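Visitor: I'd like a close look at just one part of this protein. Could you pick a strand and walk me through its surroundings?

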Amino acid sequence: MSVTARNGAALTEDGLDALVAVLDEIRLGRSGSRSELMTRTGLGRAVVAQRAGELIERGLLREGGPGRSTGGRPARRLDFNAAAGHVLVADLGATSIDVAVTSLDGSIIARRDEPSDITDGPAHCLGRVEALFEELRSLPDLPGRLWGVGIGVPGPVEFATGRPISPPIMPGWDGYPVRERIAARYDAPVWIDNDVNLLALGEWRSGVAAGHENVVIVKIGTGIGAGVISDGRLHRGAQGSAGDVGHIQVVDDASVVCRCGNVGCLEALAGGAALARDGEAAARDGRSGRLRAALDANGRVTAADIARSASFGDPVAVGLLQAAGRRVGLMLASVVNFFNPSLIVIGGGVAQSGDQLLAAIRETVYRRSLPLATRDLLVQRSSLGEVAGVIGASSMVVDQLFSRESMAAWMPLGDPSGMPEVATAAAR
Ligand SMILES: [Zn+2]
């Protein structure tokens, strides 16, 4: 098969591969000049020049100033034109909605967030997302036009169809056509993924995981999940459910019932909801004065109350976080032995809040994993905090836009409008 490039010349399969490789190198910051492109991709001078020229013509790359000198005259820089367009993203958590408009390199141009309850169902929650999107779209001076929309939800998503599948904490969302609903409003492609994969993409592209090829990113919020970067790619698995570690069985105890319907799941023992449950029990039977005070003040105990009490040295709260950390650490030790990552990132609301949890996870992982697997293993806290989800959603959209499949669809178009207004944006 061959497709036709804009200038009418046939773009072969190899040509398409080279085009995608050149664009990825520049937009991900791995190469900054034609000579670096040649060294890193192994492509010849003429191919690099031709492909870079096409991407400049399309408005995706720009000639920059003098770059790094390699002895002779300094090589001219090539820059990614991140302002060629913008992307709308939303990160739906169990208890919040976070939306943003970003440029094509994931930089946040504007952002809105509000409390929300995912159990209110898709009509309500997506209605709020759409209202917040409209607010962002009305801002002046957004770069280019809208190129794509990305949405993260707190449950398993079949990536190919963009539909949540039997999500344990999202009643009313099973099979809901999220992509079709959003795509009907916007003249742009839409991608949906689970929130943990987006956290992983965000930390990998712009956070603490940058530069690592094999990473496990664990989110400990209301529930527990993990995103997996394998050999420099997000590993979604056959259906999109890879990394769902919260529902690994860790105890054989019929009294520990999980929201997924099984018993003994990690999430049912060590997630934020489980911490809150155990903290409330400790408050009611008088074991912790601080948790009792939180219960009296608010009528309930949250994971945040436990983290706060632990930071004041409350022994019950410290014990709960340590026990949760050891359980997460035991699961991760198995994952480390199986997958051999160079980095484990711990993120999510519960993990952000206290040192005891991270310390217990770290200690257990190092003690229970094989020595070779832990020789250079790092266990670190998420560095992007609450914006990791929207940054990751933007990365997902841009990765999909510039994937081989999308580029194959774009490049044959002889008309510059085939790429959303890029030519016009570049001409301004
Ligand atoms: Zn479960």
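Guide: Strand 5 and strand 6 (residues 96-103) run antiparallel and are joined by 7 bridges. Keep in mind as you look around that this is a predicted model. The two strands make a hairpin, with 3 residues between them. To get your bearings on that side, find Leu88, which stands opposite Val101 in strand 6.

Now turn to the other pairing. Strand 5 also pairs with strand 8 (residues 145-153), this time in the parallel sense, again over 7 bridges. A handy marker here is Ala90, whose bridge partner in strand 8 is Ile151. So strand 5 has an antiparallel pairing with strand 6 and a parallel one with strand 8, and a residue to click on for each: Leu88 for strand 6 and Ala90 for strand 8.

What about the faces? In a regular strand, side chains alternate between the two faces of the sheet. On one side of strand 5 you'll find Gly85, Val87, Val89 and Asp91, and on the other His86, Leu88, Ala90 and Leu92. Every one of these is buried, so both faces are covered. Buried here means under 20% relative accessible area. Put as a tally, 8 of the 8 residues of strand 5 (residues 85-92) are buried, and that is why the strand is largely enclosed by the rest of the structure. Note that the buried set takes in Asp91 on one side and His86 on the other, along with residues such as Val87 and Leu92.

Technical notes
Residues are numbered from 1 along each chain as its sequence is written. This is a predicted model: local features need pLDDT of at least 70, side-chain atom pairs count only at pLDDT 80 or more; totals for chains, interfaces and linings use all residues. Side-chain values use heavy atoms; hydrogens and water are left out. Buried means under 20% relative accessible area, exposed over 50%, partly exposed in between (1.4 Å probe, protein chains only). Helices (H or I, at least four residues) and strands (E, at least two) are DSSP runs, numbered from the N terminus. Two strands pair if DSSP finds at least two bridges between them.
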